[in-house]
Amino acid sequence: MSRDTALVSADWAEKNLETPGVVFVEVDEDTTAYDGGHIPGAVKIDWKQDLQDPVRRDFVNQAQFSALLSERGISNDDTVVLYGGNNNWFAAYAYWYFKLYGHRDVKLLDGGRKKWELDARPYSKDVPQRARASYQASAPDLSIRAFRDEVVASIGVQNLVDVRSPDEFAGRLLAPAHLPQEQSQRGGHIPTAINVPWSKAANEDGTFKSDDELAKIYGEAGLDGSKDTIAYCRIGERSSHTWFVLKEILGQQNVKNYDGSWTEYGSLIGVPIVLGDESGEA
Amino acid sequence: MNISLDLADGCGAPDQSAPIPASVDLEKETVITGIVSSADGAPVAGAYVRLLDSSGEFTAEVVSSPDGVFRFFAAPGSWTLRALSRSGNGDLTLDATRGVNEVALSVAAV
């Protein structure tokens, strides 16, 4: 993958709003922004209501994902362009789901809602009516999803990238600073993880930095190109953003997102945790 | 419905104009809140307000409410607020203490 195949610019998007076979999808955890105005023609996916299993602690399975996209009128052959608020975190999360379930042509809108808004591009309140489709998701591609046992086995062996803010990494904060801080799990990070906040990869307007800048950021932080990589954050959406950078823009092999992330790891009994700003020993 | 669980569930920014949930203990939290306004004093809705730590590192970002309101849950210490909007940009630095810290953040076209 590369920037050219994985990303589209706001200019490209505005020129292709009515192109047949291109479906814009706004993805967010809180979809009130969509209801107040969205990219004309875009359909809505609610990260919490649509993409999480309502009972088990997991995201939707192959059959549920197929049913969701069929209902939204998205076909296997469509080019899906994802965007959202929160600097595209949940859109990047959805991108990872689309890849996991084998969608052939999925792209992220560079800068998401923020760039679109700051550019003063058009919004619509009309909800498109798309005919029901017959979507067939593939079996999940687990080469891009990490589970907890693999994460523990990777300590001191593979690259672990903690993409939360430095204060969350050190254990001084338990959640991003726009959320209340009371949580049940312990603070800190996985031993030997490097801390490269997701925000290092983005410009102030939400667009991704250049390939050269991105390669420099992760190289200087100590990411070893000869090893496999697992990215994590608190619930897996900011790490989807970094997974996208490493796998889809920079084209690194063997990059996984640990979607259990700190809400799972920080609640496990007996696993090692490091407090403070240093990565720590295995 | 358990509000504190609901908040802890996701990572997106909650409604900025909603009251602080009763489950939030203001004895323990360091809340940084305020209104984004333009040069003529009018509130700016839809501004992207980000919280940067003392080293200038990004910590969080929210979108201001229809009344220009934003809110962060941080920790005591030095923080910088930076707003981007169609009406222009602006920033300020503050020393936050435990409890509610209220600030006014003005933006202006460059």
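This report covers the overall form of chain A, the nonpolar cores, the contact between chains A and B, and the surroundings of B:P14 in a predicted model.

**Chain A**

The secondary structure of chain A consists of 12 helices and nine strands. Chain A is as compact as a globular protein of its length, because its radius of gyration of 18 Å is close to the 19 Å that the globule rule gives for 282 residues. Along the principal axes, the C-alpha atoms of chain A fill a box of roughly 55 × 40 × 35 Å. Buried residues make up 48% of the 282 residues of chain A. Taking the contacts in chain A between residues at least 6 apart in sequence, 76% join residues at least 24 apart.

**Nonpolar cores**

In soluble globular proteins, nonpolar side chains tend to be buried together. Here the largest nonpolar core has 67 residues, and those with the most contacts inside it are A:V25, A:L82, A:A94 and A:Y95. Helix α6 of chain A, residues 89-100, gives the most to this core, with 11 residues. Leaving aside residues up to four places away in sequence, A:V25 touches A:A42, A:V43, A:I45, A:V80, A:V81 and A:L82. A:L82 is thus named twice: as a contact of A:V25 and among the residues with the most contacts inside the core.

A second, separate core of 29 residues includes A:L118 and A:L174 from chain A, together with B:W79 and B:L84 from chain B.

| Core | Residues in core | Named members |
|---|---|---|
| Largest | 67 residues | including A:V25, A:L82, A:A94, A:Y95 |
| Second | 29 residues | including A:L118, A:L174, B:W79, B:L84 |

**Contact between chains A and B**

On the side of chain A, 33 residues are in contact with 27 residues of chain B. The elements of chain A that give two or more residues to this side are α6, α7 (112-118) and α9 (166-170). Of these, α7(A) gives the most, with three residues. By class, the side of chain A that touches chain B has 12 nonpolar, eight polar and 13 charged residues. Helix α6 of chain A therefore appears in two settings: it gives 11 residues to the largest core, and it is among the elements on the side that touches chain B.

**Surroundings of B:P14**

In chain B, B:P14 lies in the loop between α1 (3-9) and β1 (30-37). B:P14 has 17 other C-beta atoms within 10 Å, so it counts as partly exposed, since a buried residue needs 20 or more and an exposed one has 12 or fewer. B:V62 is 48 residues away from B:P14 along the chain, and their C-alpha atoms are separated by 8.2 Å.

Key: Residues are numbered from 1 along each chain as its sequence is written. Chains are lettered from A and ligands numbered from 1 in the order in which they are written. This is a predicted model: local features need pLDDT of at least 70, side-chain atom pairs count only at pLDDT 80 or more; totals for chains, interfaces and linings use all residues. A nonpolar core is a set of buried Ala, Val, Leu, Ile, Met, Phe, Trp, Tyr and Cys residues joined through C-beta atoms within 7 Å. Helices (H or I, at least four residues) and strands (E, at least two) are DSSP runs, numbered from the N terminus. Two residues are in contact if their C-beta atoms, placed from the backbone, lie within 7 Å. The radius of gyration is taken over C-alpha atoms; the globule rule is 2.2 Å times the number of residues to the power 0.38. Ala, Val, Leu, Ile, Met, Phe, Trp, Tyr, Cys and Pro count as nonpolar, Asp, Glu, Lys and Arg as charged, and the others, Gly among them, as polar.
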